[in-house]
Structure formats: C-alpha cells, structure tokens
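Open your viewer and have the selection tool ready. We will walk from one side-chain contact out to the whole fold, then finish at a pocket.

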Amino acid sequence: MADFSSNSQNIEAPASEVAEVLADLESFPTWSSAVKNVEVQERDDANRPTKATVKIEAGVLKDRATLNYDYSKFPGAISFSLEEADLMTEMSGTYLIEDNGDDSTKVTYQLNVQVSMPVPDVMRRKAEMATIDAALSQLKKKIGG
C-alpha cells in the first residue's frame, strides 16, 4: 500500500472551475513551479490528457516522468500514476476536489514519490509536503482565490 503525504487548501472558486484547471495539464508550466514542461501522448473522449510526459523540478528532484491520468471519479478527483521515469520508481497522487456548497472548493492533494537512490523517509516526506504545499498554493493563486 502506498504511503501518501497529504494536505488540503480551500480555494474561492466553484469545484467545476478547479477541476477544469487541474485537468488542463498543458497549462501547468504557466502556474506550477515544479512542472517545467508537459507533452501529452494520449487523450480520452473528453479531450483530457490520459498519458503525458512531464519534466519535473521539485526542490532537489529533477526528473522526466511519463504519467497516466485517471478521470474515472472526475470532477471529484483526478489521479495519476507513474509509467516510467529516469530517477523515480514511484510517483502517484490524487487531487480530491470537494464542493463546499458556497462557491468555494476544498482541494486535497495526496502524493507518494519514491526514487531509485536511498533517501531517508523523513527527507522524502518533507520533500513531498513541500511539493504538495507549493502546488496547492500556486493552484490557489492561479485561480485567484
């Protein structure tokens, strides 16, 4: 069972808007400091990316990863899992998108990253939490809430 780090943020925008921003992978490099480039390989019938290669620079971790995206619970959740990468042996996560009922949305980001070199668990968790916190903060700024 994957051991996920997780945190949440309230965003002053409707859940549908938040879900659409998170499904627009190609725009991530314009607002996410960790995502430098996105190349979409495959899309679903709704034109959402289901497979993409992402250049990631999150703190000391710099990698190029091919990720598979799952929209089976959309717009309530978007999940991703690692197909292949240079350094990472695992990268899986989920954005949970919950409507607060007042035109605001609670977004919970769960993330699990493992790399091919030995890294103490406390350092891995700290890096995951820094990545999660930055992603949620930057998402909030992107949407304007």
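Which kind of contact do the side chains of Asp3 and Arg124 make where they meet? Select both: they form a salt bridge, with 3.8 Å from N to O. Keep in mind throughout that this is a predicted model.

**Stop 1: a link between distant parts of the chain**

Colour the chain by residue number and look at this pair again. Asp3 sits in the segment before S1, while Arg124 belongs to helix H3, and the two are 121 residues apart. Now show the surface around them. Asp3 counts as partly exposed because its relative accessibility is 37%. Arg124, by contrast, is buried, with a relative accessible area of 10%.

**Stop 2: along helix H3**

Stay on Arg124 and add Glu128 to the selection. Their side chains meet in a salt bridge too, at 2.6 Å from N to O. Both residues lie in helix H3, four residues apart, which is about one turn of the helix. Is Glu128 buried or exposed? With a relative accessible area of 2%, Glu128 is buried, because the cut-off for that class is under 20%.

Next, widen the selection to Asp3, Asp121, Arg124, Arg125 and Glu128. These residues are linked in a network of salt bridges. In the model as a whole, the count of salt bridges comes to nine.

**Stop 3: the sheet**

Hide the side chains and switch to a cartoon view. You should find an open sheet of seven strands, paired antiparallel, in the order S1-S7-S6-S5-S4-S3-S2. At its edges are strand S1 (5–11) and strand S2 (35–43), each pairing on one side only. From one strand to the next, the twist averages 20°.

Two helices are worth selecting against this sheet. Helix H1 (residues 15–23) packs on it, touching S1, S3, strand S5 (77–85), strand S6 (88–99) and strand S7 (105–115). The direction of H1 makes about 160° with that of S6. Then pick helix H3 (residues 121–143), which lies across S1, S3, S6 and S7 and runs at about 15° to S1.

**Stop 4: strands S3 and S4**

Zoom in on strand S3 (residues 49–58) and strand S4 (residues 61–70). How many bridges join them? The two strands pair in the antiparallel sense over eight bridges. For one pair to click on, take Ile56, whose bridge partner in S4 is Asp63.

Now bring back the side chains of Lys55 and Glu57. These two form a salt bridge, their closest N and O atoms being 3.8 Å apart. Glu57 is partly exposed at 28% relative accessibility, and Lys55 is partly exposed at 37%.

**Stop 5: the largest pocket**

For the last stop, select Ile56 once more, together with Ala58, Leu61, Val113 and Thr131. Of the 41 residues that line the largest pocket, these lie nearest its centre. The pocket holds about 870 Å³ of space.

Where does its lining come from? S2, S3, S4, S5, S6, S7 and H3 each supply at least two residues. Helix H3 gives the largest share of the lining, with 10 residues, so finish by colouring H3 and turning the view until you look into the pocket.

Key: Residues numbered from 1 in each chain as written. Predicted model: local features only at pLDDT ≥ 70, side-chain atom pairs only at ≥ 80, totals over all residues. Heavy atoms only, no water. Pairing = 2+ DSSP bridges. Axes fitted to C-alpha atoms, helices over the stretch in contact; angles between N-to-C directions. Contact = heavy atoms within 4.5 Å. Salt bridge = Lys/Arg side-chain N within 4 Å of Asp/Glu carboxyl O. Buried < 20%, exposed > 50% of the residue type's maximum accessible area, 1.4 Å probe, protein only. 1 Å grid on protein atoms, 1.4 Å probe; cavity = no way out; pocket = protein on both sides within 12 Å on 5 of 7 lines; lining within 4 Å. Points joined across faces, edges and corners; volume = space filled by probe spheres on them.
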